[in-house]
Amino acid sequence: MFSATTVTSTEQRIGQALDELFEKRGAEAADTRIVLSAEPYLDTAGEALRRRIFLTRGEGGENLCLRPDFTIPVCMRHVAQGADLPKRYSYRGLVFRQRADGPGEFVQAGIEDLGEDNRATADARALADSLAGLEACGVDLDRLDVILGDQGLFEAVLRALGLPEGWQRRLIRTFGDERALEKALDALSKGAEDILSDLDPQLIELARDREEGALTRLIRMRMEDAGLPPHSGRSPGEVASRLIEKVAVAEARLGADALSTLEAFLAIDCSLAEAGERLGEVAGPAGLDLGRAMTVFETRNLALQAASVDLNRVRYRAAFGRPIDYYTGLVFEARLKGASDTLAGGGRYDRLLTMLGADRPIPAVGFSLWLDRIGHCLDKGEGAQ
Amino acid sequence: MSLTLAIPSKGRLMEKALATLDSAGIVVKAGETRSYRTSVEGFEGLEVLLLSASEIARELRDGAIDFGVTGEDLIRETIADPEHTVEFVSRLGFGQANVVVAVPDSWVDVSNMEDLGDVAGAFRARHGRRLRIATKYWRLTQSFFTRQHGIQSYRIVESLGATEGAPAAGSADIIVDITSTGSTLAANHLKVLGDGVILKSEACLIRANAVGRDPGARSMGDELAKRFGV
């Protein structure tokens, strides 16, 4: 299937082992094209991808790209074909990305698990299958660092601390981007009066008094003056209500206690087996009720144990996430101890399928394995069993 | 043995570039109208070409010319890694303009990038599409929004001219564009965000990567660079 120049014999061997494993685990192999429309990628993962993918133009001016990953085409194929759910799709093949440290084409394999309403089971299955995949390749699991994060818990902590919604959204957006999160926390602890300094005092006054109607009229007039099209883009009411929120947010402070609780939460980095206890130590004294998110977390841990994943093998890091807005809950990564290259990565992306045109929300979780990196480690004898 | 230097082929940029060369003792006479060749006095073996400013950036990237006078904005937009690909010999003190992020001035709730991040993050849920940015600077935009400000959710609409009209035309929500006085932006009811200056650009003398050039041409290039204070 692949030319010998790009795929080593080790990669071929582990590829076959994975095909067998995925079939045994009940996933259906999904074919996708190599040349794809770039729009869904730029639209969901964002413009940051533009410099990392191989982009070209079709004759009609449309943006095309060489397949940068499998998740999006597999999900789009599902949306187009409308198969019964739940369903698990497997894939293995070349993906193409511009990277400084390796060739622009490499092989990935993985499973996308769509429509399973029991999220704990599906999450656990994704992590268990990715570890089984690494093992089937010949990687010694004892030599791996497996890290797990959960955006749901972070969101629950913010809610429980009673932050204004504008702040919750801003912090959630930065989750997984350490530098941006730190900056946002800093602004939140200091408060930010200067944020309002360049605003018209009349507008601030109206916003403080929550005069949404008057603000909307003012803004509508300005929009009409500028000749902005009235039915596309931000409406006057939308700008007015965000201004009110902005003023409320600027005047909100995070108390020292709340900030230290949030920081203590974000600092949690322990084995998954101890995570429940550590979370309790942070939430308990602060009187935080993490509610459903905690139940989800604990149910998932039980499901992981049921799927024979040793919780002592997995590290829970509270601050670990991905700052892409279709990721919603679980994220995980596996790499060799002390190494930086991810060998396997996955997560839950409940928001992606509706973005790609599904007519109702479809829960989804998946993982992919980097066969070139795995093959490389094995050839060097670094991760072998 | 010869060395090529390209300068902008029209307008004030060309005049100023000619004056700069003149004060370095290099007298360039533009040929007949529409000719892109020139006659050069004051530097043996130097050939001066007249090209469009954006073409000069591309030719420098590809190493097709040895030197070029063009805007820093075009260099940073055209070349992925300018620090390693070309050398900034001298900033020439003309052609000053800023590449900026500008939003409709009726967006009274948006005065900095943090605000814009909030708006972009919530845009899709409300409007069923990403926030659209009209620009001809996709590389600068992407690195400013994503790398510097951690904003992921937006779409770039490539614009080839009259970018400032895009919000009123409904083809984009905001713009990233170059401005010298800001008057065009103001006339179009756009305001620059407080921390929305992506780049303070001016005309620069740029030297292409000299790797692969023979030693003779290289020392000639060094000589030329010296005339500009290096």
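## Briefing: a helix pair, a sheet and a chain contact

Helix 9 of chain A crosses helix 10 of chain A in a right-handed sense. Welcome to this predicted model; the notes below start from that helix pair, then turn to the domains of chain A, a sheet in chain B and the contact between the two chains.

**The helix pair in chain A**

- Helix 9 covers residues 212–226 of chain A and helix 10 covers residues 236–251 of chain A; their axes lie 8 Å apart, at an angle of about 130°.
- Angles from 115 to 145 degrees fall outside the parallel, antiparallel and perpendicular classes, and helix 9 and helix 10 of chain A are therefore oblique to each other.
- From helix 9 of chain A, the contact draws on E212(A), L215(A), T216(A), I219(A), R220(A) and M223(A).
- From helix 10 of chain A come P236(A), G237(A), V239(A), A240(A), S241(A), L243(A) and I244(A).
- By residue class, this contact of helix 9 with helix 10 of chain A holds eight nonpolar, three polar and two charged residues.

**Domains of chain A**

- The domain assignment of chain A lists domain 1 (1–139 + 347–385), domain 2 (144–190 + 255–342) and domain 3 (193–251).
- Between the C-alpha centres of domain 2 and domain 3 of chain A there are 34 Å.

**The sheet in chain B**

- Five strands of chain B form an open sheet with mixed pairing, in the order 9-8-10-7-11.
- At the edges sit strand 9 and strand 11 (190–201) of chain B, each of which pairs on one side only.
- From one strand to the next, the twist averages 25°.
- Inside this sheet, strand 7 (residues 97–104) and strand 10 (residues 174–179) of chain B run antiparallel and are joined by five bridges.
- For a handy residue to look up, try V99(B), whose bridge partner in strand 10 of chain B is I178(B).

**Where chain B touches chain A**

- Chain A gives 36 residues to the contact and chain B gives 29 residues.
- On the chain B side, the elements giving two or more residues are helix 5 (113–127), helix 6 (138–148), strand 9 (155–158) and helix 7 (166–169) of chain B.
- Helix 5 of chain B supplies the largest share of that side, with six residues.
- The side of chain B that touches chain A is made up of twelve polar, nine nonpolar and eight charged residues.
- Strand 9 of chain B is worth a second look: this strand is an edge strand of the sheet and also gives two or more residues to the side that touches chain A.

Technical notes
Residues numbered from 1 in each chain as written. Chains lettered and ligands numbered in written order. Predicted model: local features only at pLDDT ≥ 70, side-chain atom pairs only at ≥ 80, totals over all residues. Contact = placed C-beta atoms within 7 Å. Helix = DSSP H or I, 4+ residues; strand = E, 2+ residues; numbered from the N terminus. Nonpolar A, V, L, I, M, F, W, Y, C, P; charged D, E, K, R; others polar. Domains from an automatic or database assignment. Axes fitted to C-alpha atoms, helices over the stretch in contact; angles between N-to-C directions. Parallel < 35°, antiparallel > 145°, perpendicular 65-115°, else oblique. Left-handed = near helix turned anticlockwise from the far one by under 90°. Pairing = 2+ DSSP bridges.
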